[in-house]
Amino acid sequence: MLYQDTAIILAGGNSSRMGFDKQFLTIGKQTIVALQIEKLKEVFREIIVVTNQPEKYKDYDCKAVEDQWKGFGPLGGIHGGLVSSGSLYNYVIACDMPYIHLDYIRYMREIIRGWSRERDGLITRFGEWLEPFNGFYHRKLIPKMEQNMRKGQRKIHEVLKGSEILYIEEGIARQFSPGWEMFMNLNRVEDMERYGIGGR
């Protein structure tokens, strides 16, 4: 098994705030997902896209999989990616996050390489708020995720609570992305217009 050579892109279903499926957002003539795959290939050997439409990715340089647990949102997506992964530690990002910072990813990978024992993940903290995407998750979280989903719990934060997570503080993350762009996600049409991004 690989150590930390897999990136998981969550390309979930329809967005109620957008009014269409965010996995088909485009910049120019390419979807954001295609651009993410292209960039992440510079760092990772394996790219997994978790999607409700895997047939749409047959021409992409990635492995496309569906959630095994339907209706659990991002938690189900992360679980589906981890189960399909060939790595112990897995980088996770959402399909509506257009700004990937490879130096920050490399920084996180170096932290993980320096650990003397395995932890459950590496996540950035914004004050008291956790940034669950643009972070790393260990496959050993799979049983805890399944346990939570059996109880009907949908929140990633409930899985992180009580897990052995190392948190990168905001001040360090801002040295890489002063304006916090690498954690920005597109939630509304106004966000798309501001950044010149189109929908399909």
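**Notebook: a first look around**

I started with Asn134, which sits in strand S8. Strands here are DSSP runs of E with at least two residues, helices are runs of H or I with at least four, and both are numbered from the N terminus. I'm working on a predicted model, where local features need pLDDT of at least 70, side-chain atom pairs count only at pLDDT 80 or more, and totals for chains, interfaces and linings use all residues. Residues are numbered from 1 along each chain as its sequence is written, and side-chain values use heavy atoms, with hydrogens and water left out.

**Two positive phi values**

Most residues other than glycine have a negative phi, and most peptide bonds are trans. I noted Asn134 since its phi is positive, near 65 degrees, and it isn't a glycine. Is Asn134 buried or exposed? Asn134 counts as buried because its relative accessible area is 2%; buried means under 20%, exposed over 50%, and partly exposed in between, with a 1.4 Å probe and protein chains only.

Trp180 went on the same page, with a positive phi near 70 degrees in a residue other than glycine. I found Trp180 in the loop between H6 and helix H7 (189–194). Trp180 is buried too, at 10% relative accessible area.

**Whole chain**

I then zoomed out and noted seven helices and nine strands in the protein chain. Of its 200 residues, 52% are buried. The accessible surface comes to about 9600 Å², and 49% of that belongs to carbon and sulfur atoms. Those areas come from the Shrake-Rupley method with a 1.4 Å probe, and for residues only the protein chains shown count as cover. I also looked up contacts, meaning heavy atoms within 4.5 Å. Among contacts with a separation of 6 or more, 72% join residues 24 or more positions apart.

**Helix H3 and Tyr104**

H3 covers residues 102–113, so I checked its length: 12 residues reach 16 Å from first C-alpha to last, close to the 16 Å expected at 1.5 Å a residue. The expected span is 1.5 Å times one less than the number of residues. Which residues of H3 are buried? I wrote down Leu102, Tyr104, Ile105, Met108, Arg109, Ile111 and Ile112. An α-helix has 3.6 residues a turn, so residues three or four places apart point the same way. The buried residues of H3 pack against helix H1 (32–40), helix H6 (170–176), and strands S6 (89–94), S7 (121–126), S8 (129–138) and S9 (165–168).

I picked Tyr104 out of H3 for a longer look. Tyr104 is buried, with a relative accessible area of 0%. Not counting residues up to four places away in sequence, Tyr104 touches Thr124, Asn134, Ile168, Ala173, Phe176, Met182 and Phe183, so my starting residue turns up again because Asn134 is among the residues within 4.5 Å of Tyr104. Tyr104 and Ser177 are 73 residues apart in sequence, yet 8.5 Å apart C-alpha to C-alpha.

**Helix H1 and Cys95**

In H1 I listed Ile32, Val33, Ala34, Gln36, Ile37 and Leu40 as buried. They pack against H3, S6, S1, S2, strand S3 (30–31) and strand S4 (46–51).

Cys95 lies in the loop between S6 and H3. Cys95 is buried at 5% relative accessibility. Past its neighbours up to four places away, Cys95 touches Ile32, Val33 and Gln36, along with Ile9, Leu10, Ala11, Lys22 and Gln23. The C-alpha atoms of Cys95 and Thr51 are 9.9 Å apart, with their positions 44 residues apart along the chain.

**Helices H2 and H4**

Two packed helices are described by the angle between their axes and the distance between the axes. How do the axes of H2 (73–84) and H4 (142–150) cross? They come within 10 Å and cross at roughly 145 degrees; axes are lines fitted to C-alpha atoms, for helices over the stretch in contact, and angles run from 0 to 180 degrees between N-to-C directions. On H2 I noted Leu75, Gly76, Ile78, His79, Leu82 and Val83 in the contact, and on H4 Ile142, Met145, Glu146 and Met149. They divide into seven nonpolar, two polar and one charged. Nonpolar covers Ala, Val, Leu, Ile, Met, Phe, Trp, Tyr, Cys and Pro, charged covers Asp, Glu, Lys and Arg, and the others, Gly among them, are polar.

**Two partly exposed residues**

Gly12 is in the loop between strand S1 (6–11) and strand S2 (26–27). I found Gly12 partly exposed at 39% relative accessible area. Lys63 in strand S5 (63–65) is partly exposed as well, at 36%.
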